[in-house]
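Here's a quick walk through one protein chain, written for someone who'd rather look at contacts and side chains than read a long preface. Keep the viewer open while you read.

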Amino acid sequence: MASSEPNTSDATPGYRALLRNREFAGLYAGFTLTVAASTLSGFALGTLVDRSTGSPFLTAVSMYGATFATVLGATTLMSVADGSRPRRTLVALQAVALAGACAQAAPGMPLTARFALLLLLGFFQSLNTGTRMGLLAEAVPASAYVPARSLMNITAGGTSVLGFALGALLLRHLTPQGLFVAAAALTAAALAVTAATVRERSIRPPRRPGLRETWTTNAALLSRTGPRALLLNLWVPNGLIVGCEALFIPYAGANAGVLLAAASGGMLLGDLTVGRLLSPEWRRRSAFPLRLLLAAPYLLFALHPPAPVAAVAVFVASAGFAATLPLQERLLALTPEQVRGQVQGVESAGRMTWQGIGAAVAGATAQVLSPTVTITGLAAVSVCVTLASRPHVNRARWVAPTSPRG
């Protein structure tokens with residue numbers, strides 16, 4: 001049976017009101033510290049790999065390769081996110097992250113071992129995200145879900161930018177090993193905050209998480225065109241435009257930094273506007289035009305616009321990333337409470353994986369075609385996906401899985 005739509009009559013709380021909720025504040029602080037630790041660790045590993053191998057490919061994989069491991073977590077053990085003891089699960093996963101961060105800080109580890117550890121931590125990080133988002137849906141009322149996700153999205157982006165800047169600054173005084181130690185300290189702080197603020201949930205029905213449970217729920221999620229179209233809209237247009245961004249350096253050269261800054265600014269504005277200012281009804285209506293906005297300005301790149309025009313186009317387009325918020329809200333409303341963590345974990349893992357796919361496709365295509373043609377083509381495909389899937393998104397319904405434990 002489909003869960004009910006959120007109560008849209010409730011006033012949407014502000015960010016300050018959310019942070020007065022002790023449990024949300026703990027989830028938020030733990031999330032922020034985890035993102036900061038992951039950013040520092042990725043920067044340290046990328047620097048270490050670059051100095052050891054000089055390979056741009058291996059350096060890129062070391063910094064972003066963990067995203068590809070998230071899909072493995074989504075397809076195997078993501079059902080642990082909806083277990084009857086989610087706090088205990090989240091604390092355990094944070095402890096695994098701390099052990100991994102400490103292992104990366106060990107001197108003398110071979111690069112092959114570091115890459116293996118990177119993938120292993122990416123797998124557990126996807127489970128961590130699913131569990132955290134499942135708890136988030138229970139810690140805040142339905143009317144506060146979108147502002148809560150908006151605040152976390154904004155913080156994640158800002159923390160990543162600051163983390164890379166701080167990593168570059170610290171490397172003037174520390175070795176990459178020192179950055180690993182700093183990342184381990186941040187991970188330990190995230191574990192402490194999570195353990196101290198998040199409470200256990202006793203309202204969940206007993207479940208036996210595992211591979212079979214994960215597959216059963218995933219099959220129910222993907223068996224109907226509506227939820228499948230929602231996930232398609234959350235994954236593919238986003239990933240294709242990340243592919244466009246991945247080509248800013250070969251496209252713009254010295255002006256690439258301006259385009260990247262414009263993309264960050266547009267994303268921030270979009271999340272603030274949709275997450276804080278729009279009513280639930282207007283959020284619902286905004287999802288489709290925002291998805292079109294995400295891609296349409298990139299079609300201007302076919303005309304080789306001057307740098308200021310290109311920067312404005314990127315700024316406007318990046319506001320369209322905020323379409324993720326109403327789509328996530330709708331997916332949550334269609335998801336039964338007992339599998340919310342798993343479904344949100346699958347959504348997050350798929351989105352991250354598609355960002356990696358988009359960047360890889362863009363890079364491979366630009367090797368054959370020009371960056372200009374590739375950017376325009378990816379934007380056109382994104383528009384087509386959004387248009388083709390709209391009727392199915394509007395008819396989205398949930399079909400409950402059949403339990404494997406008859």
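Buried residues make up 53% of the 406 residues in the protein chain. Keep in mind that this is a predicted model, with a mean pLDDT of 82 for the protein chain. Of its residues, 89% reach a pLDDT of 70 or more. As for secondary structure, you're looking at 17 helices and zero strands. On the outside, the protein chain exposes about 17,400 Å², and carbon and sulfur atoms supply 68% of that area.

How do the contacts spread along the sequence? Take the contacts between residues at least 6 apart in sequence: 87% of them join residues at least 24 apart.

Now the ends, where some caution is in order. Over residues 1–9 the pLDDT stays under 50, and the model has 17 contacts beyond four places in sequence for that stretch. Residues 398–406 also have pLDDT under 50 throughout, with 23 contacts beyond four places in sequence in the model.

**A buried alanine**

A184 is a handy place to start on the inside. This residue lies in helix α8, which covers residues 176–197. Is A184 buried or exposed? Its relative accessibility is 9%, and the cut-off for buried is under 20%, so A184 counts as buried. Leaving aside residues up to four places away in sequence, A184 touches L98, A101 and C102. There's also a long-range pairing to look at: S41 is 143 residues away from A184 in sequence, yet their C-alpha atoms are 8.4 Å apart in space.

**Salt bridges**

Side chains of opposite charge can pair when their charged atoms come close. Six salt bridges are counted in this model. Here are three of them, with their N to O distances.

| Salt bridge | N to O distance |
|---|---|
| R85 with E200 | 3.2 Å |
| E281 with R284 | 2.6 Å |
| E281 with R285 | 3.0 Å |

What does the R85 and E200 salt bridge tie together? In the R85–E200 salt bridge, R85 sits in the loop between α4 (66–76) and α5 (86–104), while E200 sits in the loop between α8 and α9 (211–222), so the pair ties together parts that are 115 residues apart in sequence. Neither partner is fully tucked away or fully out: R85 counts as partly exposed at 37% relative accessibility, and E200 is partly exposed at 24%.

The E281 pairs are a local affair by contrast with that sequence span. E281 and R284 both lie in helix α13 (residues 280–295), three residues apart, which is about one turn of the helix. E281 and R285 are four residues apart in helix α13, again about one helical turn. Because these salt bridges share partners, E281, R284 and R285 end up joined into one network. Exposure varies across the trio. E281 is partly exposed, with a relative accessible area of 34%. R285 counts as partly exposed too, at 47% relative accessibility. R284, at 52%, counts as exposed.

**A nonpolar patch on the surface**

Which residues form the nonpolar patch on the surface? They are L269, V312, F315 and V316, and together they have about 320 Å² of accessible area. Helix α14 (residues 307–318) gives the most to the patch, with three residues. V312 is found in helix α14 and has a relative accessible area of 52%, so V312 falls in the exposed class.

**One backbone oddity**

If you like scanning Ramachandran plots, stop at H304. Most residues other than glycine have a negative phi. The phi of H304, however, is near 55°, a positive value in a residue other than glycine. Where is H304 placed? H304 belongs to the loop between α13 and α14. With a relative accessibility of 55%, over the 50% cut-off, H304 counts as exposed.

Methods: Residues are numbered from 1 along each chain as its sequence is written. This is a predicted model: local features need pLDDT of at least 70, side-chain atom pairs count only at pLDDT 80 or more; totals for chains, interfaces and linings use all residues. Side-chain values use heavy atoms; hydrogens and water are left out. Helices (H or I, at least four residues) and strands (E, at least two) are DSSP runs, numbered from the N terminus. Buried means under 20% relative accessible area, exposed over 50%, partly exposed in between (1.4 Å probe, protein chains only). Contact means heavy atoms within 4.5 Å. Accessible areas come from the Shrake-Rupley method with a 1.4 Å probe; for residues, only the protein chains shown count as cover. pLDDT is the predictor's confidence in each residue, from 0 to 100. A salt bridge is a side-chain nitrogen of Lys or Arg within 4 Å of a carboxyl oxygen of Asp or Glu. Patches are made of residues with over 30% relative accessible area and no salt bridge: like charges are joined within 9 Å, nonpolar side chains (Val, Leu, Ile, Met, Phe, Trp, Tyr) within 5 Å.
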